[in-house]
Structures are given as C-alpha cells and as structure tokens.
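Visitor: I should like to examine how the terms applied to this structure are justified. May we take them one at a time?

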Amino acid sequence: MADPAPVLSRRALRRAAARLDAATPEGRDRAVDALRAFAILGVVLGHWLVTALVADGPDLHAASPLQDMPWLAPVSWTFQTLAVFFLVGGHVATRGYASARARGDSYGRWLTARLSRLFRPVVAVLGLWAVTAVLLLLTGAEFVTVHTLVKLALSPMWFLLVFAALTAATPLLTRLHPLWPLVVVLHVDLLRFGFGAPSWLGWVNLAAGWLVPYTLGAAWTRGELDRRHAGRILLVGGAAATAALVAWAGYPASMVGVPGAPVSNLNPPTLAAVTFGLAQCGLALLLRERLRRAMRRPAAWAAVALVNLSAMTIFLWHQTALMATTALGLPAGRLPGLHTRPDGLDWVAARLAWLPVFALVLAGCWATFRTCERGTGRRRSTVVRTHRPQSRRPRTPGVRHV
C-alpha cells in the first residue's frame, strides 16, 4: 500500500500552486517574470559551475575550470544571462514609470519604490561579511584567503550599482535607440584594441554595454519589438556578429571572465559580450508566447513567482552558499569538486554532484534573510495578491498585494 504522506504532500503543493495562480493579477505578463527568473538562475548556476576555491595548505584561492579546459566555453554561453535581466529590467522600469506618471506619482516616489527592494537585502550581506572578515583575520586566516572570499561574496554588487544607475536614468532612456550605446561600445573597443588606447577607457562600456539591452527593454515597452522578425534579427545578427568577433577579431570565446586571461568579455563588457547579449535578447523575445502558455500551468507559475519574490536574496547570497559549503567541508580534507583544482572532467562531474548541496545551503540563506528583501511591514507587490478576509467592520473593498 502506498504511503499516504507523499500523496498528501503533493496534493498540498498542487493546492498551494493553484491558490498562487488564482491570486495573480489577471493582466500580468507572466513571460516577463519567467525571463527574469531564468536570468537570475542562469547567473547562479553559472557562478557555481565556473567558480572554484582551491585549498592550498591553509589558504584558499579562486580558480576557474575555463583556465585548464577552455573548450568548456559554451557553458558560459548558456549561463551568462545578464543581458536578459537588463532587457526585462528596462521593459519593467519604463512601463512602471509610465504607469506612475499616469497615477500622478512623482519621480522620487517611483524611484524610491524601485530601489528600496533592490538595496534592502544588501545591508544584511555587507553586515555579515564585514563581521566574517574581521573574525577570520582575528583567528589567524591569511589576508589573501579573506580577500578572495570577500571579493567573491561581494562581486554581485557591481551589477546592482549599474542596474540602479540605469533605473534612475529611466526617464531619459525611454526614447533612446539601442544603436546609440552600441555605437559607443564599438568605438571604445576600436580605440582600445585597434589603436592602443589606455585600458581604463573600457570602463565606459560598463554603462554603455548594459544600456544596449536596457534600451531594448524600453523599445519592447514602446511596442517596437512585438513582431517576430525583431527577435529573429536580434538572434541571428547577434550570433553571427559574436561568431565573427571571436573567430576573426581575437575576442575570447568565454562570455565570463577567466582568471589570468589578458582580455575579459565581461569585466568590462566588450563588443562581443554586447552582440552575444543581443542574440540572447532576440531568443528571449521569440520565446515570449511559449513562456506565456507554459506559465498557465499553476505549478510552473508558482516556481517562477517564488523566484521573483526573492530574486535579490537568491542573487546576493548564492556565492555565500558556495563558500559556506566549501568552508564547512575543509575539516574533511580536500574534497573533489570543492577544494581541488578544476583541471579535468572528474572535477566537472564532482562539481555537478555538489550543486544540490549549494542549493540547500542557499535555501537556508533564503529562509534566514528573505525578510530583508520583502521587509517587515506591509508592502505592495504586483506578482501575486491575496484577498483579506472580511471582518465584521465595514472595510474598503480591495486586495492586499504580497
């Protein structure tokens, strides 16, 4: 006879998913949330797959399997999904700003609401790692090890700063054509790699490079990307341009930074990274209708909604989950895929086996720190909504968003 507990558990999950589905505002474009969730999870899995902390005696130093196995570069093509996040961010921000203006909200009020959830969970990460770094140094840890850990933990912050700056500039970007920042990236790379301009000039691309997908999101809001040929042009043109840049212009094949490599496509963004992002954005646009159909399934939508409700918590704590697992495993010795050098397929197989452990530790971080993102007070969200039960006192009809 089958154990009734798993059956009841599945039924409870299905009922919860059905309630979440029913609580979602009718006009919400669920494909947007699905793209955001895939972009966040792509970055998380990408970091977990290409970031290694190698134990060298008492010290830990960062390494990447892409150093010894450059043929794994296609992994970075799958999991470097930041362009999709900026595409969705530009679309949501410009649409939200237009709605705020229609309601009569001020720019300051709109921006505060946009940025508060973005930066609220940052305080907890900074606080924990400040205390951790001090304790490690006081207990005799090498400065190189502490620097490596803190750098990895706080490395996602650059993304938040760029995203916040673009969000603040949204009123100025609602009509900016994506070709303008693309031309800036092209000329910066031409000066750097073709005419020997100083390398610091490349940091101009930190803004210009991510402006390209962000302003594509604004074009999406304006309805300029609704036709399928727009997505096809971006996908085919971006892929062809990226292939040509890698094959004939000397750009790295990896779309993430590789320690020791003379050029990184991501730090700062290069023209190859931007054209690759255009291809990703084209694919995302082509998948919108399929995602909308898929998100009609309550179970699929529940998973996507939960990721969106805790997107920043997941993003900010995923590297901490990796490092916590690494540190807790040190007393057991140099564990394959966790403390060993990433120089062979055996490391890849072992690292894949560690992914569920990273996910469990990240779930613990999420359970501990998710209130930092959602806040302790009553906050409105448009992802899902729940109806308040009516009390005996008359109340204004409405819903509470969570």
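Visitor: Which residues form one aromatic cluster?

Guide: In this predicted model, the cluster consists of Phe85, Phe86, Trp158, Phe159, Phe163, Trp210, Tyr214 and Phe315. Over the whole structure, the search finds 16 aromatic pairs.

Visitor: Why is Arg117 called buried?

Guide: The relative accessible area of Arg117 is 19%. Buried means under 20%, so Arg117 is classed as buried. Arg117 belongs to helix H6, which spans residues 107–138.

Visitor: What does the side chain of Arg117 reach at 2.4 Å?

Guide: That partner is the backbone oxygen of Leu309. A polar atom of the Arg117 side chain also lies 2.8 Å from the backbone oxygen of Asn308. The cut-off for a polar contact is 3.5 Å, and the values of 2.4 Å and 2.8 Å are to be set against it.

Visitor: What makes the charged end of Arg370 count as sitting over the ring of Trp366?

Guide: The charged end is 4.8 Å from the ring centre. The distance limit is 6 Å, and the charge must also be within 35 degrees of the ring normal; Arg370 is accordingly listed as sitting over Trp366.

Visitor: How many disulfides does a search of the whole structure find?

Guide: The search finds zero. A disulfide is a covalent bond between the sulfur atoms of two cysteines.

Visitor: Why does Cys372 not form such a bond with Cys365?

Guide: The closest cysteine sulfur to that of Cys372 is in Cys365, at 11 Å. The cut-off is 2.5 Å, so this separation is too far for a bond.

Visitor: Are Cys281 and Cys372 buried, partly exposed or exposed?

Guide: Cys281 has a relative accessible area of 0% and is therefore buried. Cys372, at 23%, counts as partly exposed, because that class runs between 20% and 50%.

Terms used
Residues numbered from 1 in each chain as written. Predicted model: local features only at pLDDT ≥ 70, side-chain atom pairs only at ≥ 80, totals over all residues. Heavy atoms only, no water. Helix = DSSP H or I, 4+ residues; strand = E, 2+ residues; numbered from the N terminus. Buried < 20%, exposed > 50% of the residue type's maximum accessible area, 1.4 Å probe, protein only. Polar contact = N/O pair within 3.5 Å; in protein donor to acceptor, adjacent residues only side chain to side chain. Phe/Tyr/Trp six-rings, centres within 6.5 Å; stacked < 30°, edge-to-face > 60°.
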